[in-house]
Amino acid sequence: MHMTMRLEPLFDRDRMILRMPLWRPGSYRYSNYQRKISELTVVDQDGIARPLQRLDDRSWQFRAKGATSIRVDYDLEVRNDADSGAPPAFFVHGPATFLTVDGTELLPHFLRTLLPENWDFASGHRPYPGGDSADGQTWYSPNFDVFVDCPMAFGAMERYNFELKDKPFEIVLLGKLPSEEEFNRELWVAKVRKISAAAFDVVGDFPFERYVYLYIFNDIGGYSGLEHLNSTTIEVSHRMVKRGRVEPLESVTAHEFFHLWNVKRIRPAVLGPFDYSKDAHTDDLWWMEGVTSYYNDVILQRSGLRDGQDGWFLGSQLQNRGNLMNAQGYGRVSPEQASWRVWSSNSNVSYYDLGQSLGWLIDIQIRHHSHNQRSLDDVVRALNRWVDYPGTGLNDGDIERMIKAVSGWDCSEFFDLYVSGNNAFPFAEVLPLSGLKVTQARAGAPYLGIRLDDDITIASATNDFQSGDKLVSIDGTAIPNLSALRELIPQLQPGSDITLVMENGGEQRTISWTVKERDSHAFRVQPMAEMNELQRAIFDGIHNGTPKGV
């Protein structure tokens with residue numbers, strides 16, 4: 001792709017520095033975008049070449065004295081994601097595409113696209129009134145930050161539209177596209193509309209003139225998304241979609257759309273406007289990314305896309321908890337440390353996973369302390385209004401202060417222990433507040449080693465037990481129900497011999513048994529059979545999004 005950059009008008013500039021951004025928002029990694037650039041030249045208004053002096057890998061300096069305008073040309077290597085022999089299709093991100101000039105970051109930027117015949121173009125860029133002509137289109141951005149925030153798709157693509165809350169939405173599909181039978185377009189548009197509507201219900205506004213979903217079907221191993229002010233790019237494994245695996249695509253769609261507010265508007269001050277010349281450290285990525293992961297599950301649950309999947313939401317949160325328990329850094333690296341270290345080291349625990357569980361636990365406690373009159377949704381809404389993009393972002397402690405202001409819950413101790421601190425999260429203490437019963441045991445703890453149903457009968461026959469056997473007592477202590485058994489087991493010693501009395505068909509028999517020792521952790525969560533009014537309200541409210549004061 002050939003790029004031309006025009007700098008005009010110029011007034012008394014002695015020298016100018018061209019730079020390629022060091023990183024891309026949302027990735028928090030250094031990137032060598034300059035490696036894709038070739039044939040870089042600079043000429044003035046008279047066509048006279050201005051020699052370039054390289055300052056470092058991604059910066060060039062040239063003398064501009066006497067120039068009233070400058071033209072910079074370069075070629076940019078791009079990747080064609082279309083099938084072999086099909087019309088080309090590719091996309092680019094702004095930081096990987098556009099050079100910038102020191103001192104021009106706050107100035108308006110214009111983009112002009114000149115495309116081959118029958119090529120299409122899609123982007124969140126704003127059309128510039130009167131700027132189009134027969135050979136190209138013109139787009140306008142108020143500054144460099146907004147300019148490079150808009151990804152662009154070129155070539156062959158499919159477009160679909162819908163309207164929601166009087167705002168236009170566009171869905172763009174390009175690359176190695178699945179057939180209609182493999183990926184029903186009408187059904188997908190309906191799903192994206194439901195996701196967008198459920199997200200609106202959380203925050204309560206759409207801060208854009210129009211929104212563009214860019215889906216690129218290519219050879220990526222799974223799914224990957226990147227958020228923007230009024231668009232998102234989502235790369236999709238075309239093979240996975242063609243095999244019918246669409247639920248992960250729904251999840252990443254909900255995640256990236258919620259970033260419209262959380263990260264793009266609700267953000268630490270360092271995350272916008274960006275300084276692309278250096279890394280942008282923040283200890284709040286657990287909130288920016290992890291709480292967004294919590295909300296992509298909330299949005300899918302409330303959108304109705306998970307109807308008929310009983311316990312899906314709870315199962316997703318427990319799966320995330322399992323990811324934490326298997327992470328080497330869990331309990332050693334705090335969420336703030338995991339957020340801060342992303343640029344330079346592997347913390348061995350994901351701030352996505354940490355933040356998702358924290359979002360769940362914080363939501364429950366806000367609802368509990370406010371008698372379910374407030375929720376994490378209210379905190380997100382308040383932060384969105386208070387930051388008031390493009391105003392200054394969040395400062396240290398603002399999230400804690402907003403939680404207290406909205407709900408009345410002083411969460412400072414919780415944050416000290418579990419956000420700044422590296423303590424294991426208090427699932428067993430917090431989940432019962434939402435009507436969830438927690439049963440857990442650690443490795444090395446005693447257990448019977450017998451599978452029992454809820455009525456304490458043998459779940460399956462073995463050499464020692466018969467079908468229909470019911471546990472009556474252990475060492476003379478009556479066991480009337482499963483709860484009594486769970487209370488007794490922690491008092492036993494692994495390796496000790498005990499006496500079980502079993503009953504079957506009205507007859508009892510005695511069995512000598514040895515207490516076993518757990519070789520792994522056990523953690524079980526299920527809705528309580530009987531919830532009080534507040535527990536029921538919190539349980540229902542998290543799933544349907546409606547706080548109901550108690």
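This passage describes the overall build, the charge pairs and a few individual residues of a predicted model.

The secondary structure of the protein chain amounts to 14 helices and 26 strands. Along the principal axes, the C-alpha atoms fill a box of roughly 105 × 50 × 45 Å. Of the 550 residues in the chain, 52% are buried. Contacts between residues at least 6 apart in sequence were also examined, and 69% of them join residues at least 24 apart. The protein chain exposes about 25500 Å², with carbon and sulfur atoms supplying 46% of that area.

Charge comes next. The chain carries 56 positive and 74 negative side chains, and the centres of these two sets lie 2 Å apart. Side chains of opposite charge can pair when their charged atoms come close. In this structure, 23 salt bridges are found.

One of these salt bridges is formed by Lys264 and Asp149, whose closest N and O atoms are 2.9 Å apart. The pair links distant parts of the chain, with the two positions 115 residues apart in sequence: Lys264 sits in the loop between helix H4 (247–258) and helix H5 (285–303), while Asp149 belongs to helix H1 (residues 144–149). Lys264 counts as buried because its relative accessibility is 7%, and Asp149, at 7% relative accessibility, counts as buried too.

A salt bridge also joins Arg185 to Glu158, with 3.1 Å between the closest N and O atoms. Arg185 lies in helix H2 and Glu158 in strand S14 (residues 158–164), so this pair ties together parts that are 27 residues apart in sequence. How accessible are the two partners? Arg185 has a relative accessibility of 7% and therefore counts as buried, whereas Glu158, at 24%, counts as partly exposed.

The bridge between Asp378 and Arg381, where the closest N and O atoms are 3.1 Å apart, lies within a helix. The two residues are three positions apart in helix H9 (residues 376–387), so about one helical turn separates them. Both Asp378 and Arg381 are buried. Elsewhere, salt bridges that share partners connect Asp120, Arg159, Glu170 and Arg210 in one network.

Charged residues also appear at the surface, where Glu180, Glu181, Glu182 and Glu186 form a negative patch. Within this group, Glu181 is located in the loop between strand S15 (167–175) and helix H2 (185–203). Its relative accessibility of 71% is over the 50% cut-off, so Glu181 counts as exposed.

Asp81, by contrast, is an acidic residue with 3% relative accessibility, and it therefore counts as buried. Asp81 is placed in the loop between strand S6 (70–76) and strand S7 (89–92). Apart from neighbours within four places in sequence, the contacts of Asp81 are Ala89, Phe91, Gly175, Lys176, Ile216, Phe217 and Asn218.

Further along the chain, Tyr447 is part of strand S20 (residues 446–447). With a relative accessibility of 29%, Tyr447 counts as partly exposed because this value falls between the 20% and 50% limits. Setting aside residues up to four places away in sequence, Tyr447 touches Ile489, Val515, Lys516, Glu517 and Arg518. The C-alpha atom of Tyr447 is separated by 10.0 Å from that of Leu488, a residue 41 places away along the chain.

Methods:
Residues are numbered from 1 along each chain as its sequence is written. This is a predicted model: local features need pLDDT of at least 70, side-chain atom pairs count only at pLDDT 80 or more; totals for chains, interfaces and linings use all residues. Side-chain values use heavy atoms; hydrogens and water are left out. Patches are made of residues with over 30% relative accessible area and no salt bridge: like charges are joined within 9 Å, nonpolar side chains (Val, Leu, Ile, Met, Phe, Trp, Tyr) within 5 Å. Accessible areas come from the Shrake-Rupley method with a 1.4 Å probe; for residues, only the protein chains shown count as cover. A salt bridge is a side-chain nitrogen of Lys or Arg within 4 Å of a carboxyl oxygen of Asp or Glu. Lys and Arg count as positive and Asp and Glu as negative; His and the chain ends are not counted. The place of a charge is taken as NZ of Lys, CZ of Arg, CG of Asp or CD of Glu. Helices (H or I, at least four residues) and strands (E, at least two) are DSSP runs, numbered from the N terminus. Buried means under 20% relative accessible area, exposed over 50%, partly exposed in between (1.4 Å probe, protein chains only). Contact means heavy atoms within 4.5 Å.
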